[in-house]
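This report is meant to be read beside the sequence and the model. Please have both open before going on.

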Number of protein chains: 2
Amino acid sequence: MTRPRPARLVRSERATRDGIPEATVSRLPFYLQALTALAERGVATVSSEELATAAGVGSAKLRKDLSHLGSYGTRGVGYEVQYLIYQISRELGLTQDWKVVIVGIGNLGHALANYGGFTSRGFTVAALVDADARVVGETVAGLTVTGLDSLDQTVSSLGIQIGVVATPGPAAQEICDRLVAAGVTGVLNFAPCVLTVPDGVMVRRVDLATELQILAFHEQRRAAGRLAGEMPAEPQDLSEALGAIGEPRTTLTKSRAEAAG
Amino acid sequence: MTRPRPARLVRSERATRDGIPEATVSRLPFYLQALTALAERGVATVSSEELATAAGVGSAKLRKDLSHLGSYGTRGVGYEVQYLIYQISRELGLTQDWKVVIVGIGNLGHALANYGGFTSRGFTVAALVDADARVVGETVAGLTVTGLDSLDQTVSSLGIQIGVVATPGPAAQEICDRLVAAGVTGVLNFAPCVLTVPDGVMVRRVDLATELQILAFHEQRRAAGRLAGEMPAEPQDLSEALGAIGEPRTTLTKSRAEAAG
DNA sequence: AAGCGCTTGTGAACGTATGCACAAAGTTGC
DNA sequence: GCAACTTTGTGCATACGTTCACAAGCGCTT
Ligand SMILES: NC(=O)c1ccc[n+]([C@@H]2O[C@H](COP(=O)([O-])OP(=O)(O)OC[C@H]3O[C@@H](n4cnc5c(N)ncnc54)[C@H](O)[C@@H]3O)[C@@H](O)[C@H]2O)c1
Ligand SMILES: NC(=O)c1ccc[n+]([C@@H]2O[C@H](COP(=O)([O-])OP(=O)(O)OC[C@H]3O[C@@H](n4cnc5c(N)ncnc54)[C@H](O)[C@@H]3O)[C@@H](O)[C@H]2O)c1
């Protein structure tokens with residue numbers, strides 16, 4: 001009954017219902033945030049052009065992204081802010097509150113626990129866990145940090161679905177395994193390592209050093225371009241290169257210098 | 001009619017020298033980190049298969065990525081760990097140390113400043129800046145936090161190239177403008193907002209809420225699939241929906257319920 | 001030096017994502 | 001009620017990214 005659907009045009013493109021492209025999913029949070037900001041300013045409707053600007057994307061991309069959710073929006077007018085907020089929230093699964101456990105209450109864990117941005121966007125930090133006896137018992141953001149022993153118990157009894165790993169790298173995999181065993185199916189990993197999980201569990205990794213390195217790549221490229229306008233692709237030296245980073249060249253069966261000369 | 005068409009794909013692929021695909025660049029840090037871990041364990045050579053596993057990607061993808069840097073690696077053997085570390089480091093611009101300023105020494109800023117992972121991977125935190133008089137003067141990770149006034153001075157005199165924005169959202173754009181004016185050409189933004197910068201400056205955004213929301217999307221999809229095996233795409237209700245998230249429906253020129261009925 | 005087994009590097013096929021451009025569908029004004 | 005105007009939704013072309021599969025190349029053994 002409640003069907004705003006135009007009836008014809010049943011499955012013209014990708015199945016609108018199930019198959020939302022991953023690239024689109026990764027942008028929906030940005031749209032949602034831009035829309036929330038607009039809503040707070042009392043804006044009732046917004047065009048794709050305006051919303052796209054606010055979210056930092058092109059308007060065509062925005063429209064195509066939104067078209068995957070359905071035909072919300074009115075031609076000649078734009079999108080109703082509140083309605084679109086609801087639709088995106090629903091698509092992202094934010095109509096329910098997700099419970100999160102943070103493991104590793106060090107520098108980063110403290111910051112995360114104190115961060116208000118989680119709570120206000122559909123997530124509840126339900127538990128804090130750390131291995132260090134000096135940290136256990138401490139109260140952070142209204143929660144008492146519990147010990148590692150309680151992890152499995154806590155996760156399963158509270159029905160926690162998402163785990164945030166903020167421990168040092170070496171401990172991350174073990175923590176992750178225990179989280180998964182206790183019922184977590186989504187993991188946000190801050191440790192600089194790869195986490196292996198069974199099928200059906202998703203890991204997303206956030207690595208600050210990675211981000212900086214990507215920035216550095218572009219910095220360098222820019223600097224190179226600025227210095228030497230149009231260089232004909234120098235074949236990079238390498239003699240002192242290994243010395244600069246690697247160590248004194250242990251088992252180089254075939255030294256690269258050989259190949260170069 | 002729009003274009004005469006390039007006739008043939010003449011250049012077999014992208015120019016190997018300059019044009020490294022963005023997707024590849026974003027994975028190089030992972031390879032680098034995996035290689036570093038191997039090096040610390042004393043491994044001298046590694047095959048694409050092993051390295052791919054360690055980095056959490058497929059081996060074909062890894063080989064194609066590396067092939068963009070050049071033909072390092074020996075058929076029948078694999079890649080020399082140290083040599084590859086150097087090549088990737090060089091490509092990422094990590095043979096020089098990049099200077100970083102962190103602006104906004106709150107919860108997150110403190111954690112970032114204390115984080116050892118920056119320093120060990122080619123970056124030097126050269127300055128800490130905050131607007132709050134209670135924070136200014138404090139010593140964090142061996143650096144004294146300075147006031148906002150000193151920002152421009154500090155950035156330009158120290159030759160800082162990268163800025164990390166860890167202030168609340170509303171202040172982020174202004175800080176960013178000042179950083180760019182002072183000479184920063186790369187910005188890592190933790191504030192949940194879009195930063196506008198002139199051409200030639202790159203911004204990367206890290207948003208934890210976004211990451212969690214993407215996790216939530218997949219959680220939800222999984223849950224939906226588990227509950228209802230093969231649902232024929234229910235057309236979502238919406239009557240109480242607006243009430244659940246939006247407010248009492250202010251200026252809905254055309255309520256969706258109307259269109260439905 | 002010739003053969004064998006192993007692994008790289010890459011062409012080719014496929015799939016996904018982006019951006020353009022415009023018809024369709026709505027609103028506004030008369 | 002109709003025409004002019006605005007903005008969405010999407011077909012289409014192109015660009016980008018991933019995966020497969022295998023010939024070329026290398027080291028080791030004989
Ligand atoms: N601080 C940052 O800004 C930052 C940035 C990027 C990544 N990281 C990564 O995040 C992780 C945490 O960083 P940090 O700066 O908070 O480190 P930290 O040393 O300050 O905190 C780590 C915490 O984890 C706890 N811990 C150790 N082993 C544990 C285990 N087995 N189970 C539970 N808890 C355990 C420790 O007791 C400590 O409280 C590290 O992997 C780091 O590389 C940190
Ligand atoms: N804490 C987290 O885990 C976390 C996670 C994701 C994103 N963020 C984002 O990072 C930012 C900082 O988060 P936080 O938790 O550290 O907040 P916070 O309030 O603890 O710290 C903000 C700091 O910025 C300073 N500041 C405010 N205005 C400033 C200005 N104009 N110039 C310089 N400094 C200024 C404040 O004095 C304060 O020290 C926020 O935008 C937040 O949304 C934080």
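The text below covers a ligand site, a DNA contact surface, one loop residue and a set of strands.

The model is predicted; local features need pLDDT of at least 70, side-chain atom pairs count only at pLDDT 80 or more, and totals for chains, interfaces and linings use all residues. Residues are numbered from 1 along each chain as its sequence is written, chains are lettered from A and ligands numbered from 1 in the order in which they are written, and side-chain values use heavy atoms, with hydrogens and water left out.

**Ligand 1**

Ligand 1 is surrounded by 23 residues, and the closest are Asn107(A), Leu108(A), Asp130(A), Ala166(A) and Thr167(A). A residue is near a molecule or strand if one of its heavy atoms lies within 4 Å of it. Because the surrounding residues come from chains A and B, the site is shared between chains.

The table gives polar contacts of ligand 1 and of DNA strand D. A polar contact is a pair of N or O atoms within 3.5 Å; within protein, one must be able to donate a hydrogen and the other to accept it, and residues adjacent in sequence count only if both atoms are side-chain atoms.

| Protein atom | Partner atom | Distance |
|---|---|---|
| Gly106(A), backbone N or O | ligand 1, oxygen | 3.5 Å |
| Thr167(A), polar backbone atom | ligand 1, oxygen | 2.7 Å |
| Tyr115(B), polar side-chain atom | ligand 1, oxygen | 3.1 Å |
| Tyr79(A), polar side-chain atom | DNA strand D, phosphate oxygen | 2.6 Å |
| Arg27(B), polar side-chain atom | DNA strand D, phosphate oxygen | 2.8 Å |
| Arg75(B), polar side-chain atom | DNA strand D, base nitrogen | 2.7 Å |

The shell around ligand 1 holds 16 nonpolar, five polar and two charged residues. Here Ala, Val, Leu, Ile, Met, Phe, Trp, Tyr, Cys and Pro count as nonpolar, Asp, Glu, Lys and Arg as charged, and the others, Gly among them, as polar. Helix 8 of chain A gives the most to this shell, with three residues. Helices (H or I, at least four residues) and strands (E, at least two) are DSSP runs, numbered from the N terminus.

**DNA strand D**

Around DNA strand D there are 26 residues, the closest being Ser48(A), Tyr72(A), Tyr79(A), Arg27(B) and Arg75(B). Of the DNA atoms within 4 Å of the protein, 65% belong to sugar or phosphate and the rest to bases. At least two residues of this surface come from each of helix 3 (59–67) of chain A and helix 1 (22–40) and helix 3 (59–67) of chain B. Helix 3 of chain B gives the most, with four residues. The surface divides into eight nonpolar, 10 polar and eight charged residues.

**Ser120(A)**

Ser120(A) sits in the loop between helix 6 (116–119) and strand 4 (123–129) of chain A. Ser120(A) is exposed, at a relative accessible area of 58%; buried means under 20%, exposed over 50%, and partly exposed in between (1.4 Å probe, protein chains only). The Ser120(A) side chain reaches the backbone oxygen of Gly117(A) at 3.4 Å.

**Strand 4 of chain B**

Five of the seven residues of strand 4 (residues 123–129) of chain B are buried. Strand 4 runs parallel to strand 3 (residues 98–103) of chain B, joined by six bridges; two strands pair if DSSP finds at least two bridges between them. In this pairing Lys99(B) stands opposite Thr124(B). Strand 4 also pairs in the parallel sense with strand 6 (residues 143–146) of chain B, over two bridges, and there Leu128(B) stands opposite Val145(B).
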